[in-house]
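Colleague: I would like to go through the labels on this model. Please show it first, then defend each term.

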Amino acid sequence: MKDGALVEKEVPLLNALNEVLRDDFIKDSAGGIGRWNKVIEKAGLAFRLTLPHKAFNRHIGTFAGLRVSPEGRVMSETEWAAKVDQWLATEADRAYVASLMGRVVDTGKYANWIAPPMIGINKQPVDFEYVRFN
């Protein structure tokens, strides 16, 4: 970082390789998000998914320790703390998701967050007993 802006610099080969792989992953993710946005648009929803800047919420690597907004703006710790709950899951969000994840172990039953399959493996009935314990 120089004068409050992110800058490029020469780094060891392994670090550079990690950045290249990360950039490839971001490019691949952008393609997937683009496809999802087409589905959302076709459904008539006024909403778009976006990718955050590659320095957003990093805990390891080149950007570790920097506070960067999803748009790529370097922020102070105070600014970050004021907005982080708008960008990342809160403890209340995590508790809500955990409450949805009920454990189901009964044969032929599915958790409420998993859609039952239309048909079982190898065209077996959905409730087929694949494993038998004697």
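Modeller: Here are the labels, each set against its cut-off.

Modeller: Note that the model is predicted. The protein has 3 helices and 0 strands.

Colleague: What makes the protein more spread out than a compact globule?

Modeller: Its radius of gyration is 22 Å, and the globule rule gives 14 Å for 134 residues. The value is well over the rule, so the protein is more spread out than a compact globule. The C-alpha trace spans about 65 × 40 × 35 Å along its principal axes. Of the 134 residues, 13% count as buried.

Colleague: Why is the contact of E19 and K54 called a salt bridge?

Modeller: A side-chain nitrogen of Lys must lie within 4 Å of a carboxyl oxygen of Glu. Here the N to O distance is 3.3 Å, and the pair counts as a salt bridge.

Colleague: What does that pair tie together?

Modeller: E19 lies in helix α1 and K54 in the loop between α1 and α2, so the pair ties together parts that are 35 residues apart in sequence.

Colleague: Why is E19 called buried, and why is K54 called partly exposed?

Modeller: Buried means under 20% relative accessible area. E19 has 15%, so the label is buried. Partly exposed runs from there up to 50%. K54 has 26%, so K54 counts as partly exposed.

Colleague: How do you know that R48 and E41 form a salt bridge?

Modeller: Their closest N and O atoms are 3.8 Å apart, and the cut-off is within 4 Å. R48 has a relative accessible area of 53% and is exposed. E41, at 56%, is exposed too.

Key: Residues are numbered from 1 along each chain as its sequence is written. This is a predicted model: local features need pLDDT of at least 70, side-chain atom pairs count only at pLDDT 80 or more; totals for chains, interfaces and linings use all residues. Side-chain values use heavy atoms; hydrogens and water are left out. Helices (H or I, at least four residues) and strands (E, at least two) are DSSP runs, numbered from the N terminus. The radius of gyration is taken over C-alpha atoms; the globule rule is 2.2 Å times the number of residues to the power 0.38. Buried means under 20% relative accessible area, exposed over 50%, partly exposed in between (1.4 Å probe, protein chains only).
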